[in-house]
Amino acid sequence: MTSDSNSKINGQNADHVLIVGGGVIGAACAYYLAKEGRLVTIIDRGEFGKACSHGNCGFISPSHMLPLCRSGAISKTLKSFFDPDSPFRVKPSLNPSLLKWLWQFTRRCNHRDMMSGGKARHSLLQSSSTLYRQLIADGELKGCEWEEQGQLFVFETESEFANFKSTAELIDTEFGVKSTQYDTDQLIAMEPALKPGLAGAFYFEDDSHLRPDRLLSAWKDRLTQNGVEILEQCTLKKFICENGKARAVMTSQGEIAADAFVVATGAWSPFWNKALGCKLPIQPGKGLSITMPKPDTCPKYPMILQECQVGVTPFASGYRLGSTMEFTGYDEKINRRRLSLLSKGAKRFLIDPVAEPVEEEWYGFRPMSCDGVPIIDRSPAMKNVMIAAGHNMLGVSMSPATGKLITEIINGTKPHIDPSPYLVSRF
Ligand SMILES: Cc1cc2nc3c(=O)[nH]c(=O)nc-3n(C[C@H](O)[C@H](O)[C@H](O)COP(=O)(O)OP(=O)(O)OC[C@H]3O[C@@H](n4cnc5c(N)ncnc54)[C@H](O)[C@@H]3O)c2cc1C
C-alpha cells in the first residue's frame, strides 16, 4: 500500500502525517493535526486504544506534577526488593537497560531535579486540563464519562498525613495548585464510603476523571468523522529514509509514504532507538486494574489510598481499582498475588471495597521515563519524525497538550507551551 503523500482535503493539498501508535497520545496528536488540515493516518500493531490507555484509572490530575524521583524514593525502591507486597516492585535483574534506567532515576532523586521535573509536568498538565474542558464543552469526546469531582488523597496513618502537609504546601506555593485538608470526622461527612478512623485527606478540587476505554472509543469516533484513517493490526517494521528524512514506513500491511511521522508507541518506544538516533530512557512500568460494577456504598469522589497506592475511580457506568508498579520487563502475565493487593488495600480504607462480577482484570505497561517527564521532540536522525513518548503515570492527563504541541512543532507555529523541557537532548 502506498499512500499519496499530497492527498487533498477540502480541495487543498494537505501534507500527510503518519502516527505510529493508537494510544491516548497518538489519538490526541491525530486530533490536533487533522484539525489543522493535515491528512492523518494512525497505525497500530494491535487494536486502537487497547494497550496502556485502556484500563488505567482515568484521573486527569493537575495535582500530580511532582515526579516519582524525589528524595526518599531510593530507600523505597530498596525496601521493595525485600517486600513482595510493596505496590512498587523492581525485579532484581541484570538487564543493562533497566540497570541504566535505575541509575539515571536514582541520580535525579533530589529536590532540584524534582522541581524541574515538576515544572515540566505542570505545564503539560495545566494546558491539558484546559484543553479537555474545551473538548468536552465542544462535544468532541461524547460518552467518555467526564466528571469534575476533584480527587482525594486519603491517609490511613497520622504520620503519613502529617508528612504530606509540607508537600501540599509546596504544591500550592510553587505551582499554585490548591488543596483542602480534611481531618477524620470531616472526611467521613464528606465521603461516607470511607471507613471511620482514617487519619484524613487532602482534596484537590481541580482534578477530574473519565473512563479511559470510553475516552478511546470517543476519540475513535471523532477521529474517523474528521477523516483520520486508523489501520489496526498494522505493525511498524522499519523507516525508509532518504537524505536524513523518512520517506515512508514499511509495515506488516506494506509500505506507507508520508511527509511527517509521529512515534507514539508508549512503553515500546525504545525499540526504535537506533532508527531515531537517540537513547530513549523508557522502561515499561507494569500496572494492574480490576473493573467491576459499583459497590452498594460506592465512593462519590475518585481517590488515591496513599499507604497502599491504590487508585479508586467511580465511573458513571462502573468502578475501578488500579495501581502497582512493577519493573519486570515486558512480562505479560497477571500475577494473581499482586492483583489481590488492589482489593486488600481498598479493604483497609473503604466500607464496600469491591463488587461482583468482575468485568475485567487488566495490565498495562506505563511508558516510564527516568525523570518522569515525557519526550516530545524531533528524532535526531530523521528530521521529519517526531517522538511523543514517555508519559509515565500521566499519559491520559497530559495527552491533549502533547497533541497540540506536536502539531505546533510539525506546523512550525508558535508553541503554546515552552517545548524545551521535553527535548531528548536532556539525557
Ligand atoms: C494501572 C494504571 C493506572 C494509570 N492511571 C492513570 C491515570 O489515572 N491518569 C493518567 O493520566 N494516566 C494513567 N496511567 C498511565 C497511562 O495509562 C499511560 O501514560 C498512557 O496510556 C500512555 O499512552 P501511550 O499512548 O503513550 O501508550 P499506549 O496506550 O500503550 O499506546 C501505544 C500504542 O503503540 C502501539 N505500538 C507499539 N509498537 C508498535 C509498532 N511497532 N507498530 C504499530 N504500533 C505499535 C501499541 O500497540 C499501543 O497501542 C495509568 C497506567 C496504569 C498501568
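In this predicted model, strand S22 covers residues 385-389 and is mostly covered, with 5 of its 5 residues buried. A residue counts as buried here when 20 or more other C-beta atoms lie within 10 Å of its own.

The residues of S22 point in two directions. Val385, Ile387 and Ala389 point one way, while Met386 and Ala388 point the other way. In a regular strand, side chains alternate between the two faces of the sheet. In S22 the residues pointing either way are all buried.

S22 has strand partners. One of them is strand S15, residues 260-263, which runs parallel to S22 and is joined to it by 3 bridges. Within this pairing, Val262 has Met386 as its bridge partner in S22. Another is strand S21, residues 375-378, which runs antiparallel to S22 and is joined to it by 4 bridges. Here Arg378 stands opposite Met386. Met386 of S22 is thus named in both pairings, with Val262 and with Arg378. S21 and S22 are also connected along the chain, by a hairpin of 6 residues.

The model also holds a ligand, surrounded by 41 residues. The closest of these are Gly23, Asn56, Gly266, Gly287 and Gly395. Several helices and strands contribute to this shell. Helix H1 (24-35) and helix H10 (395-411) each supply at least two of its residues, and so does each of the strands S16 (282-292), S19 (318-327) and S20 (360-369). By residue type, the shell divides into 18 nonpolar, 20 polar and 3 charged residues, with glycine counted among the polar ones.

Terms used
Residues are numbered from 1 along each chain as its sequence is written. This is a predicted model: local features need pLDDT of at least 70, side-chain atom pairs count only at pLDDT 80 or more; totals for chains, interfaces and linings use all residues. A residue is near a molecule or strand if its C-beta atom, placed from the backbone, lies within 6 Å of it. A residue is buried if 20 or more other C-beta atoms lie within 10 Å of its own, exposed if 12 or fewer, and partly exposed in between; C-beta atoms are placed from the backbone. Two strands pair if DSSP finds at least two bridges between them.
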